[in-house]
Amino acid sequence: CNFVSSQPRLVGRVFQFSHSKHSTGWVQSIHPLKVPHCKLYMTVSMEFDFEVSGLQGEGTHTWDAARLVQLQSVEFHKLRNVLEQFGQPSATAQGLRAPITDIWRLRSSEQRLYLQTVEAAAPGSTVLVGGLKVGKKKLFIHRANGAIAEIEPLCVLDFYVHEQYQR
């Protein structure tokens, strides 16, 4: 399938994207085209064309360890793919070497992840707009009397909003 980008630095350029034989629904490769065959006007986003139980439609979806253990194996791996698509751009935006959000960390912690989705134009597809991961973190603070105290407040541990939805 082909599309024309509406991203500012790529406006008007025509690209072809394809899925590999083992594709999980994410765009696997994007190549510039010299001669367009058909055009779809859209932007590249975190869109997936497979259903994940508990992540359909428009809204905010909450995930934690208790909810993850209830997923069937196939659903677990689909959600893992979605979380990889959230974690990697988040890490890149923060200048980190590796993602700090993935399904394995979420499953083995008391962290909670909120994912915001909207329905895509394509039937049966969903767009991941962004997410927010929260959890307790041990911090050391200096008290007014000079003493150091350890606290464990609820903190924002990771967040990402796709560039297309940022203001």
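Colleague: How far apart, N to O, are the side chains of Lys 138 and Glu 150 in their salt bridge?

Modeller: This is a predicted model: local features need pLDDT of at least 70, side-chain atom pairs count only at pLDDT 80 or more, and totals for chains, interfaces and linings use all residues. Residues are numbered from 1 along each chain as its sequence is written, while side-chain values use heavy atoms and leave out hydrogens and water. A salt bridge needs a side-chain nitrogen of Lys or Arg within 4 Å of a carboxyl oxygen of Asp or Glu. For Lys 138 and Glu 150, the N to O distance is 3.9 Å.

Colleague: Which parts of the chain does the pair Lys 138 and Glu 150 tie together?

Modeller: Helices (H or I, at least four residues) and strands (E, at least two) are DSSP runs, numbered from the N terminus. The two residues are 12 apart in sequence, so their pairing ties together two separate parts. Those parts are the loop between β7 and β8 (139-142), and strand β9 (residues 148-151).

Colleague: Is Lys 138 buried or exposed?

Modeller: Buried means under 20% relative accessible area, exposed over 50%, and partly exposed in between (1.4 Å probe, protein chains only). Its partner Glu 150 has 45%, so Glu 150 is partly exposed. Lys 138 has a relative accessible area of 55% and therefore counts as exposed.

Colleague: How many salt bridges does the structure hold?

Modeller: Side chains of opposite charge can pair when their charged atoms come close. Asp 102 and Arg 105 form one of these salt bridges, with the closest N and O atoms 3.2 Å apart. The total for the structure is 5.

Colleague: Which residue forms a salt bridge with Asp 64?

Modeller: The closest N and O atoms are 3.6 Å apart in this pair, which joins Asp 64 to Arg 112. It links distant parts of the chain, 48 residues apart: Asp 64 lies in strand β5 (residues 59-64), its partner in strand β6. The partner is partly exposed, with a relative accessible area of 35%. That residue is Arg 112.

Colleague: Where is Asp 102 found?

Modeller: Asp 102 has 22% relative accessibility, so it counts as partly exposed. Its C-alpha atom lies 9.4 Å from that of Gln 85, 17 residues away along the chain. Asp 102 is found in the loop between α2 (73-94) and α3 (103-107).

Colleague: How many residues of strand β7 (residues 126-136) are buried?

Modeller: Thr 126 lies in β7. Thr 126 has a relative accessible area of 7%, so it is buried. The strand is mostly covered, and its buried count out of 11 residues is 9.

Colleague: How many bridges pair strand β6 (residues 112-119) with β7?

Modeller: Two strands pair if DSSP finds at least two bridges between them. β6 and β7 form a hairpin with 6 residues between them, and Gly 124 in the turn has a positive phi of about 80°. Thr 117 stands opposite Leu 128 in β7. The pairing is antiparallel, and its bridge count is 8.

Colleague: What is the bridge partner of Lys 133 in β10?

Modeller: β7 and strand β10 (residues 154-161) run antiparallel, joined by 7 bridges. β7 also has 2 antiparallel bridges to strand β4 (residues 47-48), where Glu 47 stands opposite Val 127. In β10, Lys 133 is partnered by Asp 158.

Colleague: Which residues make the nonpolar surface patch of about 280 Å²?

Modeller: Patches take residues with over 30% relative accessible area and no salt bridge, joining like charges within 9 Å and nonpolar side chains (Val, Leu, Ile, Met, Phe, Trp, Tyr) within 5 Å. Areas come from the Shrake-Rupley method with a 1.4 Å probe; for residues, only the protein chains shown count as cover. Val 156, one of the members, is exposed because its relative accessibility is 52%. The patch is made by Leu 132, Val 156 and Phe 159.

Colleague: How far from the ring centre of Trp 63 does Arg 67 lie?

Modeller: A charge sits over a ring if NZ of Lys or CZ of Arg is within 6 Å of the ring centre and within 35 degrees of the ring normal. Arg 67 lies over the face of Trp 63, and its distance from the ring centre is 4.1 Å.
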